[in-house]
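Dear colleague,

I am handing over the structure we spoke about, and below it you will find what a look through it turned up. Please read the notes with the sequence and the structure side by side.

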Amino acid sequence: MSRTAKGAGPGTGPPFVGVDLLRIGELDRLVHREWFRRLLYSAPERREAGTLAPGRRREFLAGRFAAKEAVLKALGVGLLAGVPAWQIDIGRTEGGAPRVGLTGAAARRAADIGLDRIALSISHKEDLVIAVAVGWPAAMPERTGAAAQREIEQAFDAVFAQTTSARGGVLTKRRALGAD
């Protein structure tokens, strides 16, 4: 997770960011187990997955898993660290964009750290899925259009730089996503 310095004012970028990248097949052994689906996915997510063809279901569940990991990181906690993943519901807006719904401990954690809203992006390419979650505190004015896009790109760049430097090498975004 990446956070801007405490006290950073509006316009300096979103202060809570989480990102997760995984290969779709990483969950193949687990998603067939009912206990795993109940542990990780909300009831609406499990219902929607049940309506999908096997290949699309596999991609859907991997995308939701990555999205939950990204949201947990934006909340400043890890998987199985006090916020049940099933209390993070990844749905869609009427326009089809990802939407984050929080209940229980997830909603309490967001309130405790002052998060008012979380934007989410999920992308699939070949056998990879990536999710980026950006949270804004209630005091920060809502951004739209180009300003929001710039802030999300800056947040992604900051997380990406932190991730690649921690791995000890220079890595382009395209290569990290398997495009090179």
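A cavity here is a set of grid points where a 1.4 Å probe fits but cannot get out. Please keep in mind that this is a predicted model. With that meaning of the word, a search of the whole structure finds 1 cavity of 30 Å³ or more, and the space in the largest cavity comes to about 30 Å³. Its lining is made up of I24, L27, D28, V31, R58, L61 and A62, and when these residues are sorted by class, 5 are nonpolar, 2 are charged and no polar residue is found.

The next part concerns helix α3, which covers residues 54-74. Because each residue should add 1.5 Å, the 21 residues of this helix are expected to span 30 Å, and the C-alpha atoms at its ends are indeed 30 Å apart, so the two values agree. Just after α3 comes G76, which takes a positive phi of about 80°.

One residue of helix α3 that I followed further is L72. Is L72 buried or exposed? Its relative accessible area is 0%, and since anything under 20% counts as buried, L72 is buried. Leaving aside residues up to four places away in sequence, L72 touches V77, G78, L79, V83 and I88. L72 and A106 are 34 residues apart in sequence, while from C-alpha to C-alpha they are 8.4 Å apart in space.

With best wishes

How values were computed: Residues are numbered from 1 along each chain as its sequence is written. This is a predicted model: local features need pLDDT of at least 70, side-chain atom pairs count only at pLDDT 80 or more; totals for chains, interfaces and linings use all residues. Side-chain values use heavy atoms; hydrogens and water are left out. On a 1 Å grid over the protein atoms alone, a cavity is a set of points where a 1.4 Å probe fits but cannot get out, and a pocket is an open set with protein on both sides within 12 Å along at least five of seven lines; lining residues have an atom within 4 Å of a point. Grid points are joined across faces, edges and corners, and a volume is the space filled by probe spheres set on the points. Ala, Val, Leu, Ile, Met, Phe, Trp, Tyr, Cys and Pro count as nonpolar, Asp, Glu, Lys and Arg as charged, and the others, Gly among them, as polar. Helices (H or I, at least four residues) and strands (E, at least two) are DSSP runs, numbered from the N terminus. The expected span of a helix is 1.5 Å times one less than its number of residues. Buried means under 20% relative accessible area, exposed over 50%, partly exposed in between (1.4 Å probe, protein chains only). Contact means heavy atoms within 4.5 Å.
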